[in-house]
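Please open the model in your viewer and keep the selection tool at hand. The tour below moves from one selection to the next and says what to look for at each stop.

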Amino acid sequence: MTADRQRRRLVVRGVVQGVGFRPFVYTTAAELSLSGSVANDNSGVIIEIEGGPADLDEFARRLREHPPPLAVVESVDQSTVALRGGTGFRIADTTRDGGGRTLASPDVAICADCATELADPTDRRYRHPFINCTNCGPRFTIIAELPYDRSRTSMADFPMCAHCAAEYTDPTNRRFHAQPIACPDCGPRLSYRGPSAPLAEGPLDSARNLLRAGGILAVKGIGGYHLACDATNERAVATLRGRKRRGDKPFAVMVADLGTARTIAEVDDTAAVLLTGPQRPIVLLARRATVPAGTASDADAHDVPDRDTIELAPSVAPRNPDLGVMLAYTPLHLLLFGLSGDRPVPRVLVMTSGNLGGEPICFDDEDARTRLAALADGWLSHDRRILTPCDDSVVRVVDGIELPLRRSRGYAPLPLTLPVPVPPTLAVGADLKNTCAVGEGRYAWLSQHIGDMDDLATLRAFGSAAEHLAELTGVEPTQLVADAHPRYRSTTWARTHAEGRPVHTVQHHHAHIAAVMGEHGLGASETVTGIAFDGTGFGPDGAIWGGEVLSVGYKGYRRLAHLKYVPLAGGDASVHRPYRMALAHLWSARLDWSDTIASVAACPADERAVLAHQFGSGFGCTPTSSMGRLFDAVSSLAGVRHTVDYEAQAAIELEALARAADPGSRAYRFGLDHTADPAVIDPAPVVAAVVTDAAHGIPAAVIAARFHHAVAALVLDLALDFAPPPTTVALSGGVFQNALLLSAARTALRDNGFHVITHRRLPPNDGGLAFGQLLAAGAG
């Protein structure tokens, strides 16, 4: 052995299992003529490598700077060990040694190589619905425990054939240690059950036939069941909407490729990257103007020219200017749309989660057959078990920047770095759009989207998700943290399952702003001016907060200003009937309930009398400063929406009208009383202006535009009053899902010298709350 030869031990931590990391190490070592070995264990990837110092340095540099596409390298620890000699490099078996933790990879959309093989008649995996490799396929949803090996996944049910085993053990093969590896000889099997006997051609042809006939198909995917139908068939879409009891809530649609996406929506460069990336989320996109177009004569003619526009059924997304669009992300989806030579099928499918509204997604086969019996006409299923349910992620693009609205498939359970260390903690989030999180040291792991905690099934799903997340990460929580709302089901769950551990509570809007601060890596001693606008958050004074200006650090907050309290009568009744919030704001502004006002006319006379008594006496009312409820009120006052079928419908339709409208020279302005402590933002001048404009026949779209401009101007005024530039201003809360408002507010703040931080990796709604809870509790 030469004197300058060294042997080093490297421990690589992060998302480094199931992503082709060991083959990458093998080929990199071979290129540099290094000897040694690589293995997985509980800590991550363990490498022993021997050779010249310069080559060893280059090897370590490539690990850090150029890992495989799906890997996330969090750290590379090196130490020098005794020389052993040798000229070969081997991939060793997985061990369970080591005290660290490795990280599970999220589910990944089918890669280009596998998609090519899927459509190649000469390939042995031609038309195989479960084709995958180290660069794609299911991960999180099939893992029982770590380290990530086939025996610890639901693929353990399928012994590999000789061909697959050879690929699996060949370090030069794209499928080396791809745990879901399978082929038509040894992999999972499709099945179809429907109203008529399956076609002789097989389950896929039977499923396509059902879709062509206007039926509703339950499709088993990676993380659960979808319900699918022809998105151009109004009868089919309306039937699905009625069966799901979905009201007017928009459906997401799926297409086979980017070309088809461009026939139904406006797709810019950022959206195209999101649609085609490995996560494949649902992306909210502006609709294209619809011009009827014929069905393609061949299913391989998906890349159509821009002038081709597909007219979708009105019931896909009633009165909504946006469409939730996703590209097919599994081989089964691509086969459902059809390959060359298949009979034509619908080019756009409604693809919505397999459940009733408010229930968790179906993922167990027996459960699906029961719960979806009244919803689906047929089932396209398979025998690979889903161990962890995971719904589709949802994002939108604002000013060319990704804004998550639901962080789930493709993203969970990737870790987020914490700017301050936390003890082992479980954060249970909120009751709407729930996600939970575990954190320890400098890392946090958020669960997949769980849903609204309003029934027993969702609570059970929450418990399973929290337990699975702790098992995957190795975090053993010594404390729990929950929302300060005493009646939140998530908070009750935390207290019930504490088992003697302390349960900390964090005020809702403090957690919102802490989450933004954490996303941007702000340190333990830093503070921001936080503007938190949302629908509901329990305040320590017993009121329902939601229009807040706060001075925030991780350890605590101070309330600087809030939207003036108005009475919230009957709780959820006023959320579902925006005309009630309109009447509350009229009453608070001391404006008459004239029958000429749309909201007053929409309220039945007997209900009006009850509300008048409640507002006057305070009986059955809770004061609220909610900006979300003000959006509801203005939507009703402008005659846009008086009752809602889904959360934020009134605000969404108000934003839709405002986008294309010119507000003109008339500006609405909020009042601000600085004599109070905290200061009080008075919406009465805005409410009065809305009523006046509506009475003078000003179009609802113009009123909507003026209101949005007023709220954006309010954000700037508040920042100037409480945080002169260049102070950092943080924006969070569900109201900032509104793309028009977020863009206008962010631009106004930046143009006036403020440093603005907004969400980029977490939703501004309650789906990101658990992250903020971890930080607030850890700093307390």
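Select Phe462 to begin: with a relative accessibility of 0%, Phe462 counts as buried, where buried means under 20% relative accessible area, exposed over 50% and partly exposed in between, for a 1.4 Å probe and protein chains only. This is a predicted model, in which local features need pLDDT (the predictor's confidence in each residue, from 0 to 100) of at least 70 and side-chain atom pairs count only at pLDDT 80 or more, while totals for chains, interfaces and linings use all residues. Residues are numbered from 1 along each chain as its sequence is written, and side-chain values use heavy atoms, with hydrogens and water left out.

Now add Trp493, which at 13% relative accessibility also counts as buried. A search of the whole structure gives nine aromatic pairs, a pair being rings of Phe, Tyr and Trp (its six-membered ring) with centres within 6.5 Å, called stacked if the planes are under 30 degrees apart, edge-to-face if over 60 and tilted for the rest. The ring centres of Phe462 and Trp493 are 4.8 Å apart and their planes stand at 80 degrees, so this pair is edge-to-face. Phe462 belongs to helix α11 (residues 456-473) and Trp493 to helix α12 (residues 489-496), so that the pair links distant parts of the chain, 31 residues apart; helices here are DSSP runs of H or I with at least four residues, numbered from the N terminus.

Move next to Phe631 and Phe707, an edge-to-face pair with 4.8 Å centre to centre and 75 degrees between the planes. Because Phe631 lies in helix α18 (residues 627-637) and Phe707 in helix α21 (residues 700-722), the pair ties together parts that are 76 residues apart in sequence. Phe631 is buried, at a relative accessible area of 2%, and Phe707 is buried at 0%.

For an aromatic cluster, select Trp587, Trp593 and Phe615, which form one together.

Two arginines come next, each over a ring in the sense that CZ of Arg is within 6 Å of the ring centre and within 35 degrees of the ring normal (the rule takes NZ for Lys). Arg193 lies over the face of Trp379, 4.4 Å from the ring centre, and Arg409 over the face of Tyr329, at 3.5 Å.

Finally, colour the model by confidence: the protein averages a pLDDT of 92, and 95% of the residues score at least 70. Over residues 291-306, however, pLDDT stays under 50. Where pLDDT is low, the predicted coordinates should not be read in detail.

Technical notes: Contact = heavy atoms within 4.5 Å. Helix = DSSP H or I, 4+ residues; strand = E, 2+ residues; numbered from the N terminus.
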